[in-house]
Amino acid sequence: MPISPSSMINQYKFEDESELRDLFITVDDPESHITAIETFITYRVVTKTSRGEFDSSEYEVRRRYQDFLWLKSRLEEAHPTLIIPPLPEKFIMKGMVERFSDEFIETRRKALHKFLNRIADHPTLTFNEDFKIFLTAQAWELSSHKKQGPGLLSRMGQTVRAVASSVRGGVKNRPEMFTEMNSYMETFSQKINVLDKIAHRIYKEEREYFNEMKEYGPIHTLWSASEEDIAESLKGVASCIDKCCKATEKRMAGLSENLLPILHEYVLYSEILMGVLKRRDHIQGELDSRVDALASKKTEKDLFSEEIGKLEDKVECANNALKADWDRWKQNMQCDMRSTFTNVAENNLRYYEECLATWESFLASQTVELHVEEDSEDKP
Amino acid sequence: MEDCLAKKMEITVSEAEKRTGRNAVNMQETYTAYLIETRAIESQSEGQCAPVDSLWRRYSEFELLRNYLSVTYPHIVVPPLPEKRADFVWHKLSADNMDPDFVERRRIGLENFLLRVASHPVLCQDKIFYSFLTQEGGWKEMVNETGFQLKADSRLKALNATFRVKNPDKRFTELKHYSDELQSVISHLLRVRARVADRLYGVYKVHGNYGRVFSEWSAIEKEMGDGLQSAGHHMDVYAASIDDILEEEEHYADQLKEYLFYAEALRAVCRKHELMQYDLEMAAQDLTSKKQQCEELATGTVRTFSLKGMTSKLFGQENPEQREAKIKVLEEQIQEGEEQLKSKNLEGRDFVKSAWADIERFKEQKNHDLKEALISYAVMQISMCKKGIQVWTNAKECFSKM
């Protein structure tokens with residue numbers, strides 16, 4: 001694989017090599033701000049670092065969701081064929097959670113935390129200048145820096161051009177590797193979306209089960225009030241059911257804290273990756289369309305050889321960046337999926353083991369009683 | 001005490017068969033017939049097994065038998081029949097009477113009913129019951145010839161009618177209250193259990209969706225493929241396991257249902273006592289008023305205000321001959337009344353004594369059976385947990401290899 005001198009990718013870091021980390025970021029402490037125009041939440045972003053490029057070793061700033069959006073779009077602009085981590089969405093349409101409810105804010109906070117840390121762990125993105133400013137600049141510094149970037153109109157223009165050219169360009173000369181990636185991503189995207197739906201269905205079913213179980217135990221307690229001989233057994237069953245009910249609540253929590261967010265992230269990742277592949281195609285398209293345009297003008301080829309050369313470099317860079325990042329992404333994805341699903345299995349194991357222990361101890365208490373009764377009957 | 005029938009005879013309801021026939025109004029109908037097999041339990045003799053007798057009965061004949069027993073032995077808590085229609089069903093179970101699972105559970109319920117009757121010290125000796133088990137033809141006529149329908153007190157069926165009884169035996173009042181509570185709490189429990197079963201079914205089945213997605217996903221993965229594929233297989237096993245688990249639980253539900261219906265039988269005995277006591281009190285009241293009337297006519301004084309007294313005052317008194325005749329009639333009635341009251345009292349006391357004896361027997365049986373049912377429920381839960389642990393342990397191994 002040719003490595004062009006302008007490529008900065010000579011380091012492949014994986015998530016588990018945390019001892020090499022020199023940048024630690026946390027996102028916490030959501031706070032509500034109310035102005036005349038709007039209400040919004042800011043999050044505290046704390047950075048601890050030993051890197052020389054940073055003036056200080058510790059920073060604490062406040063950022064709102066808009067700021068994260070800005071950072072993401074800056075990174076996408078600077079590195080069109082790198083895989084920028086997903087941001088939590090603006091709104092959750094499913095209606096499970098209200099905007100600005102504690103649950104929503106907490107879910108978002110966790111996702112934002114992950115977003116920044118994934119950037120920090122990325123071999124290239126971690127050194128991005130806008131990223132550094134995001135972590136260190138005070139609110140007014142950030143505002144003024146934001147205004148310096150390419151204007152809204154030019155940004156919009158870029159997007160329009162990108163969309164337009166992706167329709168025609170880059171596909172016919174696309175290297176085999178990227179066609180494979182495309183086809184992989186199409187399938188992956190399908191499957192991850194289905195998995196996401198399945199996981200939500202499971203959560204929903206578990207919750208409905210939990211709701212019914214809440215009512216189930218107390219009926220036995222109620223019944224025990226009318227009985228004498230079997231009152232203890234009934235209360236025992238009631239207590240077991242209540243304990244299993246609590247265990248089921250824990251199981252649900254495990255799903256919502258682990259599996260659901262991860263699957264959701266990879267749904268977003270699949271969209272991001274499709275976008276990255278399109279951008280690569282667009283860059284290739286620029287080169288191809290120039291080459292095609294000049295093919296007819298044989299005499300002026302020399303004049304444009306520099307331009308073509310630059311475009312060819314650009315394509316090579318983009319391809320290499322994407323290839324490396326793709327490999328890295330796949331490794332991480334495998335790791336994430338392995339640990340998430342293993343965690344799901346462990347969650348379920350814990351649930352069944354707890355329930356088993358509860359019922360076994362009830363059973364033991366009942367058979368002890370039976371033995372006691374038998375013994376007392378034998379006595380003269 | 002004579003050994004109950006259950007010890008002398010093996011009774012099973014071994015088969016169920018769909019039949020078509022014509023009903024009382026000559027319309028075609030489909031029904032299920034059940035095969036009752038009986039065999040005498042001989043003392044152990046090598047290679048000699050008594051022959052099996054068998055006959056077919058349908059549910060309505062079981063009903064007839066039970067009605068006969070309830071009327072003929074009002075002081076006995078008569079075992080209930082399994083439900084006529086499927087009730088407390090959760091969504092997967094059919095509410096259809098012809099559904100094979102329902103028929104199967106009913107077959108077991110009917111067998112249980114026969115065994116209960118056959119092991120009851122009083123009921124097992126009944127000739128009609130014996131004929132039900134052994135005599136194929138003419139049994140219906142035999143039952144009807146006993147004239148039991150005439151003995152049936154229609155008031156017993158009017159569940160909502162209240163009778164103002166002044167001095168019921170407190171134990172029966174408490175027991176009736178208990179039977180109401182038992183009915184209410186078991187119904188509630190069965191309803192919630194059905195909903196819980198429904199939800200549990202949902203949780204397990206939805207995991208089955210993993211199998212196909214994992215399999216399709218594994219097709220595009222090189223390293224993760226095997227782990228995904230085999231994990232998917234375990235998820236399929238998990239999803240399928242719920243069917244057996246819930247079927248077993250259905251038997252537990254049937255055990256509870258039996259006592260739900262037993263509560264009804266218990267209530268009927270309490271009702272019977274109430275009615276007997278009511279009749280007794282009415283008879284005593286009637287006797288007292290007749291005695292009073294007699295006294296008034298004899299002495300000419302009106303001790304207490306009575307409409308009759310007033311009207312006779314208003315509309316003139318009778319002549320002495322008329323009065324004499326009236327007194328004579330009343331005296332005869334009073335004598336009859338006193339004899340009747342005596343026998344009613346005796347009946348009442350006998351009833352209370354024998355009913356309470358059966359109730360004590362029933363209480364012991366109920367406590368034993370329900371405790372066992374609760375234990376069997378715990379055993380089922382334990383088995384379900386163990387299966388879950390096995391599946392998820394396997395799945396975990398597959399996931400960790402991804």
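**Close-ups of a predicted two-chain model**

**View 1. Cysteines without a partner.** Searching the whole structure, with every chain included, turns up 0 disulfides. Keep in mind that this is a predicted model. Take Cys4(B): the nearest cysteine sulfur belongs to Cys124(B) and sits 5.2 Å away, and Cys4(B) is in no disulfide. The cut-off for a disulfide is 2.5 Å between the two sulfur atoms, so a pair at 5.2 Å doesn't count. Is Cys4(B) buried or exposed? Cys4(B) counts as buried, with 13% relative accessibility. Cys317(A), on the other hand, is partly exposed, at a relative accessible area of 23%.

**View 2. The largest nonpolar core.** This core runs to 120 residues, and the ones with the most contacts inside it are Trp329(A), Met337(A), Phe341(A), Trp359(A) and Trp217(B). Which helices feed into it? From chain A, helices H6 (176-224), H7 (231-295) and H8 (301-378) each put in at least two residues, and so do helices H8 (170-218), H9 (225-299) and H11 (320-400) of chain B. A second core, of 33 residues, lies apart from this one; Tyr68(B), Leu114(B), Val117(B) and Cys124(B) are among its members.

**View 3. Around Trp217(B).** Here we zoom in on one of the residues with the most contacts inside the largest core. Setting aside neighbours within four places in sequence, what does Trp217(B) touch? On chain A, Trp217(B) is in contact with Tyr184(A), Phe188(A), Lys191(A), Leu195(A), Met333(A) and Met337(A). From its own chain, Met224(B) and Leu228(B) join the list.

**View 4. Where chain A meets chain B.** Contacts link 54 residues of chain A with 53 residues of chain B. The two chains bury about 5,300 Å² between them, and 73% of that is on carbon and sulfur atoms. Which three residues supply the most of the area that chain A buries against chain B? They are Tyr216(A), Trp223(A) and Tyr352(A), which together supply 14% of it.

**View 5. Polar links across the interface.** Between chain A and chain B there are 7 salt bridges. One pairs the side chains of Glu227(A) and Lys366(B), 2.6 Å from N to O. Polar contacts across the interface come to 16 residue pairs, with both partners at pLDDT 80 or more. On the side of chain A that touches chain B, H6, H7 and H8 each chip in at least two residues. H8(A) gives the most to that side, with 24 residues.

Definitions and conventions
Residues are numbered from 1 along each chain as its sequence is written. Chains are lettered from A and ligands numbered from 1 in the order in which they are written. This is a predicted model: local features need pLDDT of at least 70, side-chain atom pairs count only at pLDDT 80 or more; totals for chains, interfaces and linings use all residues. Side-chain values use heavy atoms; hydrogens and water are left out. Buried means under 20% relative accessible area, exposed over 50%, partly exposed in between (1.4 Å probe, protein chains only). A nonpolar core is a set of buried Ala, Val, Leu, Ile, Met, Phe, Trp, Tyr and Cys residues joined through side-chain atoms within 4.5 Å. Helices (H or I, at least four residues) and strands (E, at least two) are DSSP runs, numbered from the N terminus. Contact means heavy atoms within 4.5 Å. Buried area is the accessible area (1.4 Å probe) that two parts lose on being put together, summed over both. A salt bridge is a side-chain nitrogen of Lys or Arg within 4 Å of a carboxyl oxygen of Asp or Glu. A polar contact is a pair of N or O atoms within 3.5 Å; within protein, one must be able to donate a hydrogen and the other to accept it, and residues adjacent in sequence count only if both atoms are side-chain atoms.
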